[in-house]
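Trainee: Please take me through a single part of this model in close detail, and then show me how that part sits within the whole chain.

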Amino acid sequence: MEDLAATSAAVVLDTSFRTSRAGRMGLDDVEALAGRWPDRTFIPTHLGDDVTSSDRPNIVFPADGQTFTVNASGLTRRPPRPGR
């Protein structure tokens with residue numbers, strides 16, 4: 001994950017749990033990465049019911065159906081499509 005954060009404007013991470021478990025990242029892992037890479041955007045996905053927010057401004061919790069575009073200029077957020 002460090003290599004991805006070092007070379008990407010944004011990183012999408014499977015974050016199923018609040019705290020990490022064997023073989024699974026937790027929000028605690030994502031927050032640690034966000035602290036080490038404050039100029040990157042982290043987008044957690046596959047969220048468990050207890051993973052709903054973070055006080056880190058560079059962690060973005062997408063709405064259902066929301067899309068993002070990542071390119072050399074950074075991250076562009078698009079609103080969720082109606083009906084989602």
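Mentor: The account below begins with one strand and widens from there.

The model is a predicted one, so local features are given only at pLDDT of at least 70 and side-chain atom pairs only at pLDDT 80 or more, whereas totals for chains, interfaces and linings use all residues. Residues are numbered from 1 along each chain as its sequence is written, and side-chain values use heavy atoms, with hydrogens and water left out.

The part I would choose is strand β2, residues 41–45, which is largely enclosed by the rest of the structure because four of its five residues are buried (buried is under 20% relative accessible area, exposed over 50%, partly exposed in between, with a 1.4 Å probe and protein chains only; strands are DSSP runs of E with at least two residues, helices runs of H or I with at least four, numbered from the N terminus). Its partner is strand β1, residues 10–14, which runs parallel to β2 and is joined to it by five bridges (strands pair if DSSP finds at least two bridges between them). Within this pair, V11 is the residue opposite F42 of β2. Between the two strands the chain passes through helix α2, residues 27–36, in a β-α-β crossover that is right-handed, in the sense that the path from the first strand over the helix to the second runs clockwise when the strands point away from the viewer.

T41 belongs to β2 and, with a relative accessible area of 17%, is buried. Apart from residues up to four places away in sequence, T41 touches A9, A10, V11, N58, V60 and L75 (contact means heavy atoms within 4.5 Å). A9, in turn, sits in the loop between α1 (2–7) and β1, and its relative accessibility of 32% makes it partly exposed. Beyond the same four-place limit, A9 touches R40, T41, V70, N71 and G74. On the other side of β2 in sequence, G48 lies in the loop leading from β2 to β3 (67–71), and G48 counts as buried at 19% relative accessibility; setting aside neighbours within four places, its contacts are T15 and S16.

F42 also belongs to the largest nonpolar core, whose 11 residues are A5, V11, L13, M25, L27, V30, L33, A34, F42, V51 and I59 (such a core is a set of buried Ala, Val, Leu, Ile, Met, Phe, Trp, Tyr and Cys residues joined through side-chain atoms within 4.5 Å). Helix α2 gives the most to this core, with four residues, and β1 and α2 each supply at least two. A5, also in the core, is in contact with V11, W37, R40 and F42 once neighbours within four places are set aside.

For the chain as a whole, two helices and four strands are found, following the pattern α-β-α-β-β-β along the sequence. Of its 84 residues, 30% count as buried, and residues 24 or more positions apart account for 44% of the contacts with a separation of 6 or more. The radius of gyration of 13 Å agrees with the value near 12 Å for a compact globule of 84 residues (it is taken over C-alpha atoms, and the rule is 2.2 Å times the number of residues to the power 0.38).
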